[in-house]
Amino acid sequence: MHTLHLPPGVELQHNISLVETANGGASEQWVDYKKVKFYTNAFVIINDAKVLLGYKKRGFGQGLWNGFGGKVDPGETSIQAAQRELEEEAGINAPLEHCGVLFFVVDGADAAFNIDVYRANEYTGTITETDEMRPAWFSIQKEMLPPVNSHTTADCSSTSDKHAEGLPPIPLGQMWADDEFWMPLMFSGRPFVGRADFDADSKMLKWWFAATPAES
Ligand SMILES: CNc1ncnc2c1ncn2[C@@H]1O[C@H](COP(=O)(O)OP(=O)(O)OP(=O)(O)O)[C@@H](O)[C@H]1O
């Protein structure tokens, strides 16, 4: 198997096999960065039918829907930070499992973002709005659950799942532009990595994503 060329900043913790799932953008070169800061982003996904997102009311990413997360504090592990942020921003606890790593460079930000992405299939506690985030459930539309491979058809049954009845679809138009590339990988349970570079107006300049091969 040929070796994938990983963008700068994307590092693999384990020697896993990966296939490229998307790449594009008008830029030839990845943007340089000087520092890296570590973040988390956590999603609760019920019955592969609905996902909990939060509307960011202030700070970085204001006005966008996203998972719950933030900076890993000194002395904390990534999973500890993910659990703390989920509790602080949504009021809940969940058995989070690591599912991917994203690397973002935003022109003008003082450091690149290295984001550990986590998911859980259940939670405890009461979902609570905070000063920072307004949580809400969204149904996972069938476009976000891609066919396993190009010659098979997606099973669309989950969109009619009772858990998702009456919920709006995931609001991709009010989310970071990278999300459409890796969220389907998260929903289908394929560990993923990727990088995306943005200009100061949050326009995506260049991107690359990869995941473990889909099971056929
Ligand atoms: C550029 N493309 C992107 N696409 C999707 N998600 C992105 C993202 N870039 C950042 N994120 C997430 O945005 C949150 C920021 O966290 P943020 O609120 O700034 O952190 P934290 O709460 O520690 O900050 P303060 O304590 O308020 O400074 C955090 O979940 C991080 O994973």
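Ala 196 stands opposite Trp 207 in β11, a strand in a predicted model. Strands here are DSSP runs of E of at least two residues and helices are runs of H or I of at least four, numbered from the N terminus. Trp 207 is also the bridge partner of Gly 24. Seven bridges join β10 to β11, and the two run antiparallel; strands pair if DSSP finds at least two bridges between them. Strand β1 (residues 19-24) is likewise antiparallel to β11, through five bridges. Between β10 and β11 the hairpin has five residues, and Ser 202 takes a positive phi near 65°.

Turning to the interior, the largest nonpolar core holds 54 residues, and Phe 104, Ile 140, Trp 182, Met 186 and Phe 192 touch the most other members. Such a core is a set of buried Ala, Val, Leu, Ile, Met, Phe, Trp, Tyr and Cys residues joined through C-beta atoms within 7 Å, where buried means that 20 or more other C-beta atoms lie within 10 Å of the residue's own, all placed from the backbone. Elements giving two or more residues to this core include α1 (78-90), α2 (179-187), β10 (192-198) and β11 (204-211), while β6 gives the most, with seven.

The ligand is surrounded by 17 residues, the closest being Asn 41, Gly 69, Gly 70, Lys 71 and Trp 176; a residue counts as near if its C-beta atom, placed from the backbone, lies within 6 Å. Two or more shell residues come from each of β2 (36-46), β6 (97-106) and β7 (112-120).

Residues are numbered from 1 along each chain as its sequence is written. Local features need pLDDT of at least 70 and side-chain atom pairs count only at pLDDT 80 or more, whereas totals for chains, interfaces and linings use all residues.

Note on methods:
A residue is buried if 20 or more other C-beta atoms lie within 10 Å of its own, exposed if 12 or fewer, and partly exposed in between; C-beta atoms are placed from the backbone.
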